[in-house]
Amino acid sequence: MFPLGSVRNRCLHALSRPTRFALGSRFIHCGILLIRPPVLNKTPSPLEEAIYAYNRELQLQMSQDFAHEFFLKKGSLAEKTWLETKKKLQHAENASQLLHQETSGNSGTDSSENNQFLVTQPRKTPDDLSGNTRSVRRQLDQSLYLMVKKNTGEQQWQFPTAPVTEKTSLHKVATQLITSLAGSDAPYWLVARHPVASTGTGDEKIFYLRARWLQDYADNIEMKGVEDWAWCTANEVAERVSPSAWTRLQNTVFERV
Amino acid sequence: MKTPKTDAVFDMLRRILYESPGRKPIPMDTAALRRHEYISLAWNLSRQEKRCQQSLQLRKQYQEMQRSCQELYEISRVLFDKAMAEPKERRFPVDMRIPTETPPRSA
């Protein structure tokens, strides 16, 4: 990934004055950007869909006839099915579209016994439709970030944070945070020990470490020790986080990461 | 070892590779050709845009990471050193899933 050595060297060169405050007068927190990576490919834009359809048309025009006498045994069921499909495609106007539908397994209408293993699941899940933000099985083509509402009086959505002292380190606090939230068997991977983003000014600073959620489709894990939690997309994070924090976090929090 | 059977196989492969009918060229009149050119242009433009967006995203992420590491250095040298020390065994997780076109059936 990024050469950590060079980041350190640049920091050393850029430092112009010694630190003014001792750590005791500052409150440093470690935040966690726990990301569930996208489960699905990007949804193609309308332009891309149109261009793919156009390319399929060209391919169909350019392709050689399928030599069914070579591949399919004479008089077999497969040959009969192929000859029927061929007739249907010859007389259809949108032949390439029909062919694409059949081969991509999305045709749920005439699913015979042979096709039951080719039928695919829809890209929108039930949790998408119900808007259940606690679930990980939504917005499958985007990354989801874990946000929590703590048990204190303030009703503010934030990334999970915990205070840090010089006795421990950022990554130790981060791993403790995740295991306290999701249990000791939590399927996560702490990407690096150094922070990827920071918010806060002056005396209160939050350094965010990046971690990936490895279990994207199994049972939803309940988060303990918080009033509420939500797996948010980048847009939802922008809505829930304060504007000053978003000016920094918008460089790290993206739709697909 | 050459046998009549292998000869037949070689013959068939030779016919498939070298003697199969070539691809027919797509007949395009002037209007269709112009349409094709516009579509190619649009495709190239959209790909360029995507590439620029992607590189901008990566650049932003890297600069933000650098900036926050700089701030950590200025605040606490101890924490910075601990953050920069690489762990002895550092491996990419094997059980990370690759994005697919549709979700898995076992839900």
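# Note on the predicted two-chain model

1. In chain A, residues 24 or more positions apart account for 66% of the contacts with a separation of 6 or more. This is a predicted model, and the remarks below should be read with that in mind. The secondary structure of chain A comes to nine helices and eight strands, and 42% of its 257 residues count as buried. Its accessible surface is about 14600 Å², and carbon and sulfur atoms hold 53% of that area.

2. The aromatic side chains deserve a look, since a search of the whole structure gives seven aromatic pairs over all chains. In one of them, the rings of A:Phe66 and A:Trp82 have centres 5.1 Å apart and planes at 75 degrees, which makes the pair edge-to-face because angles over 60 degrees are classed that way. This pair links distant parts of the chain, with A:Phe66 in the loop between helices H2 (46–62) and H3 of chain A and A:Trp82 in helix H4 (residues 77–91) of chain A, 16 residues apart. A:Phe66 is partly exposed, at a relative accessible area of 38%, and A:Trp82 is also partly exposed, at 22%.

3. A second pair to inspect is that of A:Phe159 and A:Tyr208, whose ring centres are 5.6 Å apart and whose planes stand at 75 degrees, so that this pair is edge-to-face. A:Phe159 lies in the loop between strand S3 (157–158) and strand S4 (161–164) of chain A, while A:Tyr208 lies in strand S7 of chain A, so the pair ties together parts that are 49 residues apart in sequence. Are these two rings buried or exposed? A:Phe159 counts as buried because its relative accessibility is 2%, and the cut-off for burial is under 20%; A:Tyr208 is buried as well, with a relative accessible area of 4%.

4. A:Phe66 returns in a cluster, as A:Phe66, A:Phe71 and A:Trp82 form one aromatic cluster. Two of these residues, A:Phe66 and A:Phe71, also belong to a nonpolar surface patch of about 700 Å², which is completed by A:Phe70, B:Val9, B:Phe10, B:Leu13 and B:Ile16. The elements that give two or more residues to the patch are helix H3 (68–71) of chain A and helix H1 (4–18) of chain B, and H1(B) gives the most, with four residues. A:Phe70, which is found in helix H3 of chain A, is partly exposed, with a relative accessible area of 47%.

5. Helix H1 of chain B also holds a charged pair. The side chains of B:Arg14 and B:Asp11 meet in a salt bridge, at 2.5 Å from N to O, and both residues lie in that helix, three residues apart, or about one turn of the helix. B:Arg14 is partly exposed, with a relative accessible area of 39%, and B:Asp11 counts as partly exposed at 33% relative accessibility.

6. Over all chains, the search of the whole structure finds 11 salt bridges. Which chains does the bridge between A:Arg248 and B:Glu64 concern? The two side chains meet at 2.9 Å, N to O, and A:Arg248 lies in helix H9 (residues 243–249) of chain A whereas B:Glu64 lies in helix H2 (residues 30–75) of chain B, so the pair joins two chains. Both A:Arg248 and B:Glu64 are buried.

7. Another salt bridge is formed by the side chains of B:Glu86 and B:Arg90, at 3.7 Å from N to O, and here B:Arg90 counts as partly exposed, at 39% relative accessibility. Salt bridges that share partners join A:Lys205, A:Arg248, B:Glu64, B:Arg67 and B:Glu71 into one network.

8. A:Arg210, in strand S7 (residues 204–213) of chain A, merits a separate check by the reader. A:Arg210 is buried yet has no salt bridge, and B:Glu64, the nearest side chain of opposite charge, is 11 Å away. What, then, is A:Arg210 in contact with, leaving aside its neighbours within four places in sequence? Its contacts in chain A are A:Leu33, A:Ile35, A:Trp189, A:Leu190, A:Val191, A:Ala192, A:Val196, A:Thr252 and A:Val257, and B:Gln61 is its contact in chain B.

Terms used. Residues numbered from 1 in each chain as written. Chains lettered and ligands numbered in written order. Predicted model: local features only at pLDDT ≥ 70, side-chain atom pairs only at ≥ 80, totals over all residues. Heavy atoms only, no water. Patch = residues over 30% accessible without salt bridge, like charges linked within 9 Å, V, L, I, M, F, W, Y side chains within 5 Å. Areas by Shrake-Rupley, 256 points an atom, 1.4 Å probe, with all protein chains shown as cover. Salt bridge = Lys/Arg side-chain N within 4 Å of Asp/Glu carboxyl O. Buried < 20%, exposed > 50% of the residue type's maximum accessible area, 1.4 Å probe, protein only. Lys, Arg positive; Asp, Glu negative; His and termini not counted. Contact = heavy atoms within 4.5 Å. Phe/Tyr/Trp six-rings, centres within 6.5 Å; stacked < 30°, edge-to-face > 60°.
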